[in-house]
Amino acid sequence: MFTDKTVVEKITKFLRESKIAKALTDKTIVYESHVRRFWNSARYEEKDKMIYSAVRKKNENGQDVDLEIKFGVGDLRRVLELGDSDDDPTIIPERLCKGLWCRMGFTGHINGKMIKTMFCHAYKFMIHCVVHALSHWKGAYDETSDYIMNIITCLVLNRQYNVSQVIFEYLKENIRSGSGKYIMYSSFIIMMIGDQFKDIPKDANDVLGLRNMTPDRITRLTKGPETRVKGMICRISKPAYVAPENDRWRHENSDSDNEVDMMNQMIEKKTRWWFVRDGKRKRTPKTYL
């Protein structure tokens, strides 16, 4: 039987050893004025597939000057240390995701929303961490989107996934949103600025407070009776785990609960980050806005 302590320890160890570790755990201090200036000035250039913006700092005479910053997917990948590549997919089958999530103990309807409260404490904690670190949404953190499901699925199954491209696509989308633009991915923006400019002005009154994981928040996530205890599976329990072939979510000899009945009710749908299998093995395409 898992305790709250072992839940946190097992999942935390898994996430700290994963490719998204830096994106989840980096303690970069976020300065609101720099983030807002970045988004106010940001533009995307298709010719070189780069994001451009401005960073304000002091020149040698103490005067404010705006300097150009630019970066592409490769820069984002390097700074966040995501360890993926341009050849990794961004679109995977919905059936693969939902098959694994059923193995993880999902208790909702297979064609409904994937809500983190419909999992045991261990997986609820993991989903919470990934959603808060990588989701582009401003709220609604209880629900997991298709690309967040993809990321978690590929981490657990030890599959390749192009997290860098997905984040970059949402940066581009925010740039193009006009009056709907907001200060998305503030930590990542400051990390990108810090990579190119080491001496930006830093004012303690300009620090943007972020909701970090605290012992109190962990307690709230794992409180209450645990009625849906699930064991750790795949790479969470075995670091050297090898993903099943042919877009399957379990090996033939796996001994976890069988999810066939639930999966038989599934109705596949195509979304931005999912494709419907047509029975043929094919390379999943990259997506561009």
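What follows is a look at the aromatic pairs and the small sheet in this structure, which is a predicted model.

Start with the rings. Counting pairs whose centres lie within 6.5 Å gives ten aromatic pairs. One of them joins Tyr44 and Phe168: the ring centres sit 6.1 Å apart and the planes meet at 75 degrees, so this pair falls in the edge-to-face class. Since Tyr44 belongs to strand E1 (residues 43-45) and Phe168 to helix H8 (residues 163-175), the pair ties together parts that are 124 residues apart in sequence. Both partners are tucked away from solvent. Tyr44 has 12% relative accessibility and counts as buried, and Phe168, at 1%, counts as buried too.

Helix H8 also supplies a ring to a second pair, this time with helix H7 (residues 146-157): Tyr147 comes from H7 and Tyr170 from H8, 23 residues apart. Here the geometry is tilted, with 4.9 Å from centre to centre and 40 degrees between the planes. Tyr147 is buried at 1% relative accessibility, and Tyr170 is buried as well, with a relative accessible area of 5%. Tyr170 has another neighbour in Arg272, which lies over the face of the tyrosine ring at 4.7 Å from its centre. A similar arrangement turns up at Trp249, where Arg248 lies over the ring face, 6.0 Å from the centre.

Back at Tyr44, the pairing does not stop with Phe168. Ring pairs connect Phe38, Trp39, Tyr44, Phe71 and Phe168 into a cluster. Some of these residues lead straight to the sheet: Tyr44 is in E1, and Phe71 falls in strand E3 (64-71). Phe38 and Trp39, for their part, fall within helix H3 (residues 32-41).

The sheet itself is an open one made of three strands, ordered E1-E2-E3 with antiparallel pairing. E1 and E3 stand at the edges with a single partner strand each, so one side of each has no neighbour in the sheet. From one strand to the next, the twist averages 35 degrees. E1 and strand E2 (residues 50-58) run antiparallel and are joined by three bridges. Tyr44 appears here again, with Ile51 as its bridge partner in E2. In general, strands of a sheet pair through backbone hydrogen bonds, in either a parallel or an antiparallel manner.

Helix H3 completes the picture: it lies across E1, E2 and E3 and runs at about 135 degrees to E2. Taken together, Tyr44 is a handy residue to follow through the model, as a member of the ring cluster and as a bridge partner of Ile51.

Terms used:
Residues numbered from 1 in each chain as written. Predicted model: local features only at pLDDT ≥ 70, side-chain atom pairs only at ≥ 80, totals over all residues. Heavy atoms only, no water. Phe/Tyr/Trp six-rings, centres within 6.5 Å; stacked < 30°, edge-to-face > 60°. Helix = DSSP H or I, 4+ residues; strand = E, 2+ residues; numbered from the N terminus. Buried < 20%, exposed > 50% of the residue type's maximum accessible area, 1.4 Å probe, protein only. Lys NZ or Arg CZ within 6 Å of the ring centre and 35° of its normal. Pairing = 2+ DSSP bridges. Axes fitted to C-alpha atoms, helices over the stretch in contact; angles between N-to-C directions. Contact = heavy atoms within 4.5 Å.
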